[in-house]
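Grab a pencil and open your viewer. Here are a few exercises to work through, each with its solution.

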Amino acid sequence: VQFSSIQFNFTPPFMCPCYPSGKNLGRMQLHLHRYNTYLLRIHALKTWRDSPSTLLLLLGLFSSSIWLAVVPPRITFALFSIYAFTRPLRHKSHKQPPAGSSTGSA
């Protein structure tokens, strides 16, 4: 492979002082890829490309609209708050063996 010995007077954008390293540019591309993936999923739901998921979304929207029309907002807010603030309590805890059971160390 032969390289040219001609030197240019410009610096490529990834070597510019505004981009201190290529690491930040790669991280930005990763974030943009994630956002694009979410947007493509939403677009697939909107255009019925994934019909089972779209039907599930419509069923969820319909049931939530009925819930919000029937149940008072105060109760809905209370239930949502209980659900949101008790999240750490809902995680699976490590079960301890009952007292008196052998642990195999005898």
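The exercises below start with the whole chain and then go residue by residue.

**Exercise 1. Take stock of the fold.** How many helices and strands are there in the protein, and in what order do the elements run?

*Solution.* Start with a caveat: this is a predicted model. Next, count the elements: you should get 4 helices and 0 strands. Reading from the N terminus on, that gives α-α-α-α. Now turn to the surface. The accessible surface comes to about 10700 Å², and carbon and sulfur atoms account for 67% of that. Finally, check the burial: of the 106 residues, 5% count as buried.

**Exercise 2. Classify Thr-54.** Is Thr-54 buried or exposed, and which residues does Thr-54 touch?

*Solution.* First, find Thr-54 in helix H2, which covers residues 51–70. Then look at its relative accessible area, which is 2%. Buried means under 20%, so Thr-54 is buried. Next, look for its neighbours. Leaving out residues up to four places away in sequence, Thr-54 touches Ala-44, Leu-45 and Trp-48. One of these deserves a second look: the Thr-54 side chain reaches the backbone oxygen of Leu-45 at 3.1 Å.

**Exercise 3. Describe Trp-48.** Where is the place of Trp-48, and what is its phi near?

*Solution.* Step one: Trp-48 belongs to the loop between helix H1 (22–46) and helix H2 (51–70). Step two: its phi is near 60°, a positive value in a residue other than glycine. Step three: its relative accessible area is 44%. Partly exposed lies between the 20% and 50% cut-offs, so that is the class for Trp-48. Step four: look at its company on the surface. Trp-48 joins Leu-55, Leu-57, Leu-58 and Leu-61 in a nonpolar surface patch of about 490 Å². Keep Exercise 2 in mind here too, as Trp-48 is also one of the residues that Thr-54 touches.

**Exercise 4. Span the H1–H2 pair.** What separates the C-alpha atoms of Arg-41 and Ser-53, and is Arg-41 buried or exposed?

*Solution.* Begin with Arg-41, which is found in helix H1. Its relative accessible area is 54%. Exposed means over 50%, so Arg-41 is exposed. Now pick the two C-alpha atoms: Arg-41 and Ser-53 are 12 residues apart along the chain, and the separation comes out at 10.0 Å.

**Exercise 5. Follow Thr-76.** With which side chain does the side chain of Thr-76 make a polar contact?

*Solution.* Locate Thr-76 in helix H3, residues 73–85. Then list what Thr-76 touches beyond four places away in sequence: Trp-67, Leu-68 and Val-71. The polar partner is Trp-67, side chain to side chain, at 3.2 Å.

Definitions and conventions
Residues numbered from 1 in each chain as written. Predicted model: local features only at pLDDT ≥ 70, side-chain atom pairs only at ≥ 80, totals over all residues. Heavy atoms only, no water. Patch = residues over 30% accessible without salt bridge, like charges linked within 9 Å, V, L, I, M, F, W, Y side chains within 5 Å. Areas by Shrake-Rupley, 256 points an atom, 1.4 Å probe, with all protein chains shown as cover. Salt bridge = Lys/Arg side-chain N within 4 Å of Asp/Glu carboxyl O. Helix = DSSP H or I, 4+ residues; strand = E, 2+ residues; numbered from the N terminus. Buried < 20%, exposed > 50% of the residue type's maximum accessible area, 1.4 Å probe, protein only. Polar contact = N/O pair within 3.5 Å; in protein donor to acceptor, adjacent residues only side chain to side chain. Contact = heavy atoms within 4.5 Å.
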